[in-house]
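Biologist: I should like to learn how features of this kind are read from a model. Please take them in turn, beginning with accessibility.

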Amino acid sequence: MSYRLYYWPMLQGRGELVRLALEEAAETYVDVARLPEAEGGGVAALLAMLRGDASPPSYAPPILVAGDQVLSQTAVILTYLGDAHGLAPADRRLATLQLQLTISDAISEAHDTHHPIGTGLYYEDQREAAKQRAAFFVSQRIAKYLGYFERVLAQSGDHLVGAFSYADLSLFQLVAGLRHAFPKAMAAHAPASVIAHHDRVAARPRIAAYLASDRRIPFNEHGIFRAYAELDLA
Ligand SMILES: N[C@@H](CCC(=O)N[C@@H](CS)C(=O)NCC(=O)O)C(=O)O
């Protein structure tokens, strides 16, 4: 199977959860919007896909085209890749999805620290609200989410559902993103077992190779995890 991923070309975002799964599966894929427009890429290709006649149409990226299937919603795409490439144990499919959706919730809350009022507004136009939202996220939510994953790992061992799954890749990305955006808060609140889990995933050969490659877009201030020092309130 040769996959086509449609995602915003300048940021990791939720597309990164799909990229990590494709990289771990060693599947070839075209990151379509990162191609030049002259080669059918760019944001134009993504917008054309969003406006296209997939059934149902996709509401938002990431979108994965797999043969004649057009899939969106990150957790749906990962469920598909988990089944197709052994990235979720067959007897733990729903457990894997359950954890993935919790990671998705945490990612949405991390995004809302810098865009608490509206995604269509600039950060600079919601700075004061962002400070309030981030204070709550940093003091309450990081510890609650990561404390939950600490409990899961205490139960299951090295991997979230006992054996390796796409949810491990996504937890890695959540932790990497939180460390980028909130280094002081993460130093204060991240459980050691969750950091050790992050490091194990980062050391997986295909993931390590990917992270060192230019396919991995660096964290930046267009993405979900942004390093605004004023929001990192340890
Ligand atoms: N629940 C969806 C959320 C998708 C989403 O919010 N995508 C962002 C980029 S990461 C987007 O472009 N959203 C456009 C919009 O919501 O209008 C998922 O997990 O895939």
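Biologist: Is K131 buried, exposed or partly exposed?

Modeller: Buried means under 20% relative accessible area, exposed over 50%, and partly exposed in between, with a 1.4 Å probe and protein chains only. K131 has a relative accessible area of 33%, so K131 is partly exposed. Please note that this is a predicted model, in which local features need pLDDT of at least 70 and side-chain atom pairs count only at pLDDT 80 or more, whereas totals for chains, interfaces and linings use all residues. Residues are numbered from 1 along each chain as its sequence is written, and side-chain values use heavy atoms, with hydrogens and water left out.

Biologist: What do the side chains of K131 and E128 form?

Modeller: A salt bridge is a side-chain nitrogen of Lys or Arg within 4 Å of a carboxyl oxygen of Asp or Glu. The side chains of K131 and E128 form such a contact, at 3.7 Å from N to O. E128 counts as exposed because its relative accessibility is 53%. Both residues belong to helix α5 (residues 127-156) and stand three residues apart, about one turn of the helix. Helices here are DSSP runs (H or I, at least four residues), numbered from the N terminus.

Biologist: How many salt bridges does the whole structure hold, and which residues are joined into one network?

Modeller: The search of the whole structure finds 12 salt bridges. Through shared partners, E16, R19, D31, R34 and R216 are joined into one network. Within helix α1 (residues 15-24), E16 and R19 lie three residues apart; their closest N and O atoms are 2.9 Å apart, and both residues are buried. D31 and R34 also meet in a salt bridge, at 3.5 Å. D31 counts as buried because its relative accessibility is 11%, whereas R34, at 32%, is partly exposed.

Biologist: How is empty space found, and which residues line the largest cavity?

Modeller: Rolling a probe the size of a water molecule over the atoms shows where empty space is left. A cavity is a set of points, on a 1 Å grid over the protein atoms alone, where a 1.4 Å probe fits but cannot get out; lining residues have an atom within 4 Å of a point. One cavity of 30 Å³ or more is found, and about 60 Å³ of space lies in the largest cavity. Its lining residues include L11, Q173, F219 and N220. By class, the lining has five nonpolar, five polar and no charged residues.

Methods:
Helix = DSSP H or I, 4+ residues; strand = E, 2+ residues; numbered from the N terminus. 1 Å grid on protein atoms, 1.4 Å probe; cavity = no way out; pocket = protein on both sides within 12 Å on 5 of 7 lines; lining within 4 Å. Points joined across faces, edges and corners; volume = space filled by probe spheres on them. Nonpolar A, V, L, I, M, F, W, Y, C, P; charged D, E, K, R; others polar.
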